[in-house]
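These are my notebook entries on a structure that I had not examined before. I set down what I looked up, entry by entry.

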Amino acid sequence: MNKRFHQFIPASPFIIFLLLLTLISGLNACRESGRSMQNEQLKTWIDSLDRNSRKIGIKESVKKLDSLVATLGTLNLTDRVQYYKFMKVLSQRDSTRAADGLLYTDSLMQLFPSAQIRKQNPIDYSRALLLRGDDLLKQKEYYRAYRNYYNGKSFLLALGEICECARYSSRIANISYEEGNYYQAIQYWKQELKELAECTDKENFQLQFIEKQGSLRNIGIAHIHRNEPDIALEYFKKAENFITAHAKEFPREQKFIRFARLVILKNKAEAYALKGETQTAESLIKRCLQHDNEIDWSLEVEQESRLILTKIYIDTEQFTQAQAQLDTLESLTNAPDPESKRLHIKLQAAISYGLQDFERAGKLFLANMEDERINELKRNAEKKSDVGQFLQQIQREHEIDLEAEKDARQKVILDFAIIISISLCVIVYLIWRSAQKSATNLRAVTELNRAITQSNIVLQDTVNALEQAEMENEAVLKIIAHDLRNPIASMMSASQLLFWDLDPSADQQEIITGIQEAGQKANGLIGQILQSTTDRDKIIKSEVALEEIVQSCIDMLSYKASEKHQKIDYQFEKVAIPVDREKIWRVFCNLLSNAIKFSQAGGTIRVALQVQTKKVLLTVQDNGIGIPAELKDQIFVHLSSAKRSGTAGEQSFGIGLSICKQIVEAHGGRIWFESADDGTTFFVELPA
């Protein structure tokens, strides 16, 4: 009978895990998206305040940014870096907030407590080091400042961040320029241009535009101070060409670009004035005099331009025009710094002298000389550093550290070499010792081989004797099988005569049919025994329905099971495969017979036939006495000692399972079993 079962299959834990993973990934994606939007929002606010801080004031800008940041909640590392950096920028624009600027730098440095965080955020960390160096420089701690710059640049170089190194080169160039070391400043600005060429972020206005055109312009200014106006004009022309070529790439920054053009006009005027081409210088400088309220810092350009024009008028002895420009310049300057005051006094003295106001000119010259003397004393007291010497000293210290590390590595290598040498000596000794033992062992092996050769001769004689005995046993088996044919034929004839004159009942007819079928199969087995060995082992396959073969075995052995009050539960799927019908029938019957033999009375024997991928699996499960561990390796051995009586004392000959294994393997399948104390399950797997 064909029984079908339907059962509910619960969700796999793996599927649940995948669903949870998908959900978590989605939440993380949403979180990352939110962070990205928050970063962009903060960047937009900072950009807006950066443009308008001069108009609304520094204090109001700080207050407004704090209010906006409060609406964002908890800031991540990137946001906090942006916040502190911009607060630092604002504090630098207001001299009254210098102390706040130091605090912002400290807060920024505390965001990178570990080496791991620094490596994960190299750009932000390097910029924090840059700001720390700036603070140390203002505090006149020159050595610490330059070492800070050096460490920052070394950190970036180790990570391959060449682009960010440009900020450090620019900073060192600016310091060299302030100290009057113009040649060294030029070299560092050129180095900055090489490093900027490595920048890949094309939308970074600071690095891609401001720094590049600024470096070209700064090199030109340094050449003016070196009294090389022609070279300076070449670099100003390069800066102009750069602005023209890249202005369209930054449409939002057009105000700054206009400002940059004004600055270069002013610088070119200085260069032409130095060359003595005053008319060209005057025509250029007048284009810079008109203050544009839309452009931040244009007032500073106007002030510097009027200062240059004043000098030009003095050099060309146009003292009235010079006085007019100086008066206008003083009206534009609200709170001039000491350096500007000294310059104004010097220019006014020159103008007064040109206008023949000698008394005023003399007083101004004397006042300027005294002021310059005092200023020179201050400069000497400050003991300004030579950045080149400091960097060379730091480089030497760094090289000393590298040499120390190299010596340490060499010591480790030397120690390792000593260990290797000792190990090699030990290995050589062991090889020599092994060779000595090998020679001894070789002699022993030679003697052993002689003994084995002699034993092989004896074994071969034994094998020959066994083969002769097997041939004799097979001959005896054929005689016995031949003699069994007549009793079996008589049994089949007698079963037909039992009810010669009577009609048998249904049960009686079924018994007679079973006797007839058993007799026919017995005759078939005897016929195979009587065949030659080659014919008996030959497999003749045909397409048969396996479920019918199993059912035939069950029908034949059901009376044997009923004697022990056993039940046979048969679950199957229909399948037809090419097999030798008689031999496979023998395998199935043998397995079922063993299950009946070794199962307890009243038990249930479960037989299942399942169709799997490219194979068919038959399982026969009993509830018997199991197979002891010491007999498991002998189950499939021909005429093995693994013979036990059944649960009702049935006799076992120890040849059935070995024959089953031969038949199954001849079909390209495999047979195995799993056994426990409460029963054994045999599996037969055949290719579909």
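Entry 1, an aromatic pair. I began with F155 and asked whether its place is buried or exposed. The model is a predicted one, and in it F155 has a relative accessible area of 19%. Because buried means under 20%, F155 counts as buried. I then counted the aromatic pairs of the structure and obtained 19. One of them is tilted: the rings of Y84 and Y104 lie 6.5 Å apart from centre to centre, with 40° between their planes. This pair links distant parts of the chain, since Y84 belongs to helix α3 (residues 77-93) and Y104 to helix α4 (residues 98-109), 20 residues apart. I noted both Y84 and Y104 as buried. Next I returned to F155 and looked up the geometry of its ring with that of Y125. The centres are 5.1 Å apart and the planes stand at 80°, so I recorded the pair as edge-to-face. Y125 lies in helix α6 and F155 in helix α7 (residues 142-158), so the pair ties together parts that are 30 residues apart in sequence. Y125 has 11% relative accessibility and therefore counts as buried.

Entry 2, a ring cluster. Which residues do ring pairs link into a cluster? I found F205, F209, F242, F250, F256 and F259. Of these, I met F242 again among the buried residues of helix α11.

Entry 3, helix α11. I checked the length of helix α11 (residues 229-246). At 1.5 Å a residue, its 18 residues should span 26 Å, and the C-alpha atoms at its ends are 26 Å apart, so the two values agree. I listed its buried residues as P229, A232, L233, Y235, F236, A239, E240, F242 and I243. What covers the buried residues of α11? I noted that the cover includes α9 (182-196), α10 (205-225) and α12 (254-275). Y235 also has a charge above its ring: the charged end of K238 sits over the ring, 4.6 Å from its centre. For a second case of a charge over a ring I looked at R670, which lies over the face of W672 at 3.9 Å from the ring centre.

Entry 4, salt bridges. I recorded 17 salt bridges in the structure. In one of them the side chains of E164 and R167 meet, with 2.9 Å from N to O. Both residues lie in helix α8 (residues 162-178), three residues apart, about one turn of the helix. E164 is buried, and R167 is buried as well. Which residues are linked with R127 in a network of salt bridges? I found E164 and R167.

I then looked up K266 and E270, which form a salt bridge with their closest N and O atoms 3.9 Å apart. They both lie in helix α12, four residues apart, about one turn of the helix. K266 is buried, with a relative accessible area of 7%, whereas E270 is partly exposed at 29%.

A further salt bridge joins R226 to E228, the closest N and O atoms being 3.5 Å apart. R226 has a relative accessible area of 35% and is partly exposed. E228 is partly exposed too, with 23%.

Entry 5, residue D134. I located D134 in helix α6 (residues 122-138). Its relative accessible area is 11%, and I entered D134 as buried. Which residues does D134 contact, leaving aside its neighbours within four places in sequence? I found Y149 and R171.

Entry 6, residue I58. I placed I58 in helix α2 (residues 58-70). At 12% relative accessibility, I58 counts as buried. Not counting residues up to four places away in sequence, I58 touches S53, L90, R93, D94 and R97. I also took the separation of the C-alpha atoms of I58 and V89, which is 9.9 Å for residues 31 apart along the chain.

Notes:
Residues are numbered from 1 along each chain as its sequence is written. This is a predicted model: local features need pLDDT of at least 70, side-chain atom pairs count only at pLDDT 80 or more; totals for chains, interfaces and linings use all residues. Side-chain values use heavy atoms; hydrogens and water are left out. Helices (H or I, at least four residues) and strands (E, at least two) are DSSP runs, numbered from the N terminus. Buried means under 20% relative accessible area, exposed over 50%, partly exposed in between (1.4 Å probe, protein chains only). Contact means heavy atoms within 4.5 Å. The expected span of a helix is 1.5 Å times one less than its number of residues. Rings of Phe, Tyr and Trp (its six-membered ring) pair if their centres lie within 6.5 Å; planes under 30 degrees apart count as stacked, over 60 as edge-to-face and the rest as tilted. A charge sits over a ring if NZ of Lys or CZ of Arg is within 6 Å of the ring centre and within 35 degrees of the ring normal.
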